[in-house]
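User: I would like to go through this model term by term, with each label set against the rule that earns it. Could you begin with how the strands are paired?

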Amino acid sequence: MADTYSLTCLKCNVALELGGLFSTDENGVHVEELESTGMKENSTKAIHKYDEFVARALCKFLLLHRNHELRCISTTGEDYFIGTDGFIADLEAEDLVKTLVSAESFDPESEHCELESEIRDRKALGLYTSRPQV
Ligand SMILES: [Zn+2]
């Protein structure tokens, strides 16, 4: 069984396709470890798995969407969010790799305040519960 998964930012409504995930081989036999078909580089048609291209695309996505609500969801799962929260645009991995993440926009203090406010709002709406203390 296979399905395509994306790393999705629910705040910005954008997704980075991670590739298809499959749990069986070509003969239908279950594999021990969940595998990915890899990330596609559209201009060269290359498929990347566990290489520098994938690392750069993921890092850029995470840097651009720091403090945002991220989910790794199937393409089918995206439909639930499309229906409730608008269109989710697919990002090209190679565009992300080339994207300059400006250091000028980096303001941890402001991000902390924004996060604190968001958590306070969610708690007030009953949408967020604190993690149990360990
Ligand atoms: Zn975002």
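Analyst: Two strands pair if DSSP finds at least two bridges between them, and the strands themselves (E, at least two residues), like the helices (H or I, at least four residues), are DSSP runs numbered from the N terminus. This is a predicted model, in which local features need pLDDT of at least 70 and side-chain atom pairs count only at pLDDT 80 or more, whereas totals for chains, interfaces and linings use all residues. Residues are numbered from 1 along each chain as its sequence is written.

User: What makes strand 1 and strand 2 a pair?

Analyst: Strand 1 and strand 2 are joined by 8 bridges and run antiparallel, and since at least two bridges are asked for, they count as paired. In this ladder T8 stands opposite A15 of strand 2. The two strands form a hairpin with 4 residues between them, and N13 in its turn has a positive phi of about 55°, a sign noted here for a residue other than glycine.

User: Which other strands pair with strand 2, and in which sense?

Analyst: Strand 3 pairs with strand 2 in the antiparallel sense over 3 bridges, with F22 opposite E35 and L21 bridged to S36. The hairpin that strand 2 and strand 3 make has 5 residues between the strands, and G28 in this hairpin takes a positive phi near 85°. Strand 7 (residues 89-91) pairs with strand 2 in the parallel sense, also over 3 bridges, and there V14 stands opposite A89.

User: Why is N13 called partly exposed, and what is Y50 called by comparison?

Analyst: A residue is buried if 20 or more other C-beta atoms, placed from the backbone, lie within 10 Å of its own, exposed if 12 or fewer do, and partly exposed in between. N13, in the loop between strand 1 and strand 2, has 15 C-beta neighbours inside 10 Å and therefore counts as partly exposed. Y50 lies in the loop between strand 5 and helix 1, and with 10 such neighbours Y50 counts as exposed; its phi is positive as well, near 55°.

User: How do you know that helix 1 has a length that agrees with its number of residues?

Analyst: The expected span is 1.5 Å times one less than the number of residues. For the 13 residues of helix 1 (residues 52-64) this gives 18 Å, and the end C-alpha atoms are 18 Å apart, so the two agree.

User: Which residues of helix 1 are buried, and why are they said to lie on the same side?

Analyst: F53, A57, K60 and F61 are the buried residues. They cover an arc of only 100° around the axis, which puts them on the same side of helix 1, the arc being that of the directions from the helix axis to the C-beta atoms. On the other side of helix 1, E52 and A55 are exposed. The cover over the buried residues includes strand 1, strand 2, strand 4, strand 5 and helix 3.

User: What makes the largest nonpolar core a core, and which elements give two or more residues to it?

Analyst: A nonpolar core is a set of buried Ala, Val, Leu, Ile, Met, Phe, Trp, Tyr and Cys residues joined through C-beta atoms within 7 Å. The largest has 12 residues, among them C9, V14, F53, A57, I88 and L96; strand 2, helix 1 and helix 3 are the elements that each give two or more. Beyond its neighbours within four places in sequence, V14 is in contact (C-beta atoms within 7 Å) with C9, I88, A89 and L91.

User: Why is helix 4 said to lie largely in the open, and what is the case for strand 3?

Analyst: Of the 17 residues of helix 4, the number buried is 0, so helix 4 lies largely in the open. Strand 3 is described in the same terms, because the number buried among its 7 residues is also 0. In the chain as a whole, 13% of the 134 residues count as buried.

User: Where is confidence lowest, and where is it highest?

Analyst: On pLDDT, the predictor's confidence in each residue from 0 to 100, helix 2 (residues 75-85) is lowest with a mean of 66, and helix 1 is highest at 96. The chain has a mean of 87, and 87% of its residues reach 70 or more. Where pLDDT is low, the predicted coordinates should not be read in detail.

Methods
Two residues are in contact if their C-beta atoms, placed from the backbone, lie within 7 Å.
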